[in-house]
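Student: I would like to learn how to read a structure such as this one, feature by feature. Could we look at it together, beginning with pairs of charged side chains?

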Amino acid sequence: DDFETDQKEEDAPTYKACPTGGPGGLICCSYCSASYSRLLSNTAKEMEAQSIARKGQEVSEILELLADAKQRLLVATDLSRSNDERRSLMKNNEGAFSGGP
C-alpha cells in the first residue's frame, strides 16, 4: 500500500545510525549530538531560504502589478491630456465662430 510506504519513509530517521550502536539523535553521544545539531541547523537554513524565496516571489508579483498599474496610469494621463487639448480647441473654435475673443 502506498500510504504505508509513505508513512514508513516519514517515520524513518533522517540522521545516520550511531557508530557505537546507540539510538542516535540529539541525546545519544557527542558524535550523534553534533550530527543531529548539524541536521537541525541545515534544516533551519533550508526553511529560511524557502521563506526568503517566497518573499522574493511576492515582491516580484507586487512589482509586476505596480508596473501594470503605472502603464495604465500613463495611458489614462495621455488620454486626459489629449481630451483637454481637444476641449481647448473646441472652445477656441466656438469663440472664433461666435465672433468672440
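Tutor: A salt bridge is read from the distance between a side-chain nitrogen of Lys or Arg and a carboxyl oxygen of Asp or Glu, which has to be within 4 Å. In this model, which is predicted, Asp84 and Arg87 make such a pair, with their closest N and O atoms 2.7 Å apart.

Student: Where do Asp84 and Arg87 lie relative to each other along the helix?

Tutor: Both belong to helix α2, and because they are three residues apart there, about one helical turn separates them. Asp84 is partly exposed, with a relative accessible area of 43%, and Arg87 also counts as partly exposed, at 48%.

Student: How many salt bridges does the structure hold?

Tutor: The structure holds three. Another one joins Asp68 to Arg72, whose closest N and O atoms are 3.1 Å apart; these two residues are four apart in helix α2, so about one helical turn lies between them. The side chains of Asp78 and Arg81 also meet in a salt bridge, at 3.8 Å from N to O, and since they are three residues apart in helix α2, about one helical turn separates them as well.

Student: How should I read the accessibility of Arg81: is it buried or exposed?

Tutor: A residue is called buried under 20% relative accessible area, exposed over 50%, and partly exposed in between. Arg81, at 52%, therefore counts as exposed, whereas its partner Asp78 is partly exposed at 47%. In the pair of Asp68 and Arg72, Asp68 is partly exposed with 41%, while Arg72 is exposed with 53%.

Student: What share of the residues in the protein chain counts as buried?

Tutor: Of the 101 residues in the chain, 6% count as buried. The chain exposes about 8900 Å², and carbon and sulfur atoms supply 57% of that area. As for its fold elements, the chain has two helices and zero strands.

Student: Which residues make a nonpolar patch on the surface?

Tutor: Val59, Ile62, Leu63 and Leu66 make a nonpolar surface patch of about 390 Å². Taking one of them, Ile62 is found in helix α2, which covers residues 30–97, and its relative accessibility of 49% is why Ile62 counts as partly exposed.

Student: How many disulfides come out of the count?

Tutor: The test is whether two cysteine sulfur atoms lie within 2.5 Å of each other, and by this rule the count comes to zero disulfides. Cys28 is in no disulfide, as the nearest cysteine sulfur, that of Cys18, is 3.5 Å away. For Cys32, the closest cysteine sulfur is also in Cys18, and because the distance is 3.6 Å, that is too far for a bond. In terms of accessibility, Cys28 is partly exposed at 23%, while Cys32 counts as buried at 3%.

Student: Where is Gly24 found, if I want to look at a residue of a loop?

Tutor: Gly24 is found in the loop between α1, which spans 2–11, and α2. With a relative accessibility of 11%, Gly24 counts as buried. To read a separation in sequence beside a separation in space, take Gly24 and Ser35, which are 11 residues apart in sequence and 9.1 Å apart from C-alpha to C-alpha.

Key
Residues are numbered from 1 along each chain as its sequence is written. This is a predicted model: local features need pLDDT of at least 70, side-chain atom pairs count only at pLDDT 80 or more; totals for chains, interfaces and linings use all residues. Side-chain values use heavy atoms; hydrogens and water are left out. Patches are made of residues with over 30% relative accessible area and no salt bridge: like charges are joined within 9 Å, nonpolar side chains (Val, Leu, Ile, Met, Phe, Trp, Tyr) within 5 Å. Accessible areas come from the Shrake-Rupley method with a 1.4 Å probe; for residues, only the protein chains shown count as cover. Buried means under 20% relative accessible area, exposed over 50%, partly exposed in between (1.4 Å probe, protein chains only).
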